[in-house]
Amino acid sequence: MASFNKVLLMGNLTRNPEIRYTPSGTAVADLGLAVNENFKNKAGETVEQTCFVDVVVWGRQAETSAEYLQKGSPVFVEGRLQLDQWENQQGEKRSKLRVRADRVQFLGAPGKGSEFSAAPSSAPQDNVPQSPPHADDDDDVPF
């Protein structure tokens, strides 16, 4: 059976990147990402949901992320899901699902932690294809 593990996320950092180094000297950075989604429920009310995602970045990208990103920075992350499992000091088994980034694209201006906005720009956008409305847009399910 074939399998496929790919994650694409766009959002804002919830905290400054936390960088550390393995004993062999490889850089590892932990990022917290908030991904917002707005939709209308059956009652016509706008609902905003936020999904918080932990992201781990390795190597040179970890170093550049720690150097140029800060809390609030907008980023696009491309990677895959990774399940980390361990045992705590009390002997309990623990696990955490997070994204292992293959690529982190900086979306904001360097050094600016400005919020990313999905709102359309006021500039006219000719020849921009519009996606057709979904048949189930009136459902309160966000996907």
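**Why the labels fit**

User: What makes Arg 103 count as partly exposed?

Analyst: Its relative accessibility is 37%. Buried means under 20% relative accessible area, exposed means over 50%, and partly exposed is what lies in between (1.4 Å probe, protein chains only). So Arg 103, at 37%, gets the middle label. Before we go on: this is a predicted model, where local features need pLDDT of at least 70 and side-chain atom pairs need 80 or more, while totals for chains, interfaces and linings use all residues. Numbering starts from 1 along each chain as its sequence is written, and side-chain values use heavy atoms, with hydrogens and water left out.

User: How do you know that Arg 103 and Glu 78 form a salt bridge?

Analyst: Their closest N and O atoms are 3.4 Å apart. The rule asks for a side-chain nitrogen of Lys or Arg within 4 Å of a carboxyl oxygen of Asp or Glu, so the pair passes. Arg 103 lies in strand E6 and Glu 78 in strand E5, so the bridge ties together parts 25 residues apart in sequence. (Strands are DSSP runs of E with at least two residues, helices are runs of H or I with at least four, and both are numbered from the N terminus.) Glu 78, at 19% relative accessibility, comes out as buried.

User: What makes Arg 80 and Asp 102 a salt bridge?

Analyst: Here the closest N and O atoms are 3.5 Å apart, which again meets the cut-off. Arg 80 sits in strand E5 and Asp 102 in strand E6, so parts 22 residues apart in sequence are tied together. Arg 80 has 34% relative accessibility, hence partly exposed, and Asp 102 gets that label too, with 39%.

User: And how do you know that the side chains of Arg 98 and Asp 84 meet in a salt bridge?

Analyst: N to O is 2.5 Å, which satisfies the rule. Arg 98 is in E6 and Asp 84 in E5, so this pair links parts 14 residues apart. Arg 98 counts as buried with 17%, and Asp 84 is buried with 19%. Salt bridges that share partners join Arg 20, Asp 30, Asp 84 and Arg 98 into one network. Across the whole structure, the search finds 10 salt bridges.

User: Why are Tyr 68 and Phe 106 called a tilted pair?

Analyst: The count for the chain is 1 aromatic pair. The ring centres of Tyr 68 and Phe 106 are 6.4 Å apart and the planes make 50°. Rings of Phe, Tyr and Trp (its six-membered ring) pair if their centres lie within 6.5 Å; under 30 degrees is stacked, over 60 is edge-to-face and the rest is tilted, so this pair is tilted. Tyr 68 belongs to helix H1 and Phe 106 to strand E6, 38 residues along the chain. Both rings' residues are partly exposed: Tyr 68 at 41%, Phe 106 at 29%.

User: What makes Ser 24 exposed rather than buried?

Analyst: Ser 24 has a relative accessible area of 65%, which is over the 50% line, so exposed it is. Ser 24 is in the loop between E2 and E3.

User: How do you know that the side chains of Ser 24 and Thr 22 make a polar contact?

Analyst: The distance is 3.0 Å. A polar contact is a pair of N or O atoms within 3.5 Å; within protein, one must be able to donate a hydrogen and the other to accept it, and residues adjacent in sequence count only if both atoms are side-chain atoms. So the Ser 24 and Thr 22 pair qualifies.

User: Why is Ser 73 called buried?

Analyst: Its relative accessible area is 3%, under the 20% limit, so the label follows. Ser 73 is in the loop between H1 and strand E5. A polar atom of its side chain is 2.8 Å from the backbone oxygen of Gln 70.

User: What makes Gly 32 buried, and which residues is Gly 32 in contact with beyond four places in sequence?

Analyst: Gly 32, in strand E3, has a relative accessible area of 1%, so it is buried. With contact taken as heavy atoms within 4.5 Å, its partners outside four places in sequence are Asn 12, Leu 13, Thr 14, Arg 15 and Val 53.
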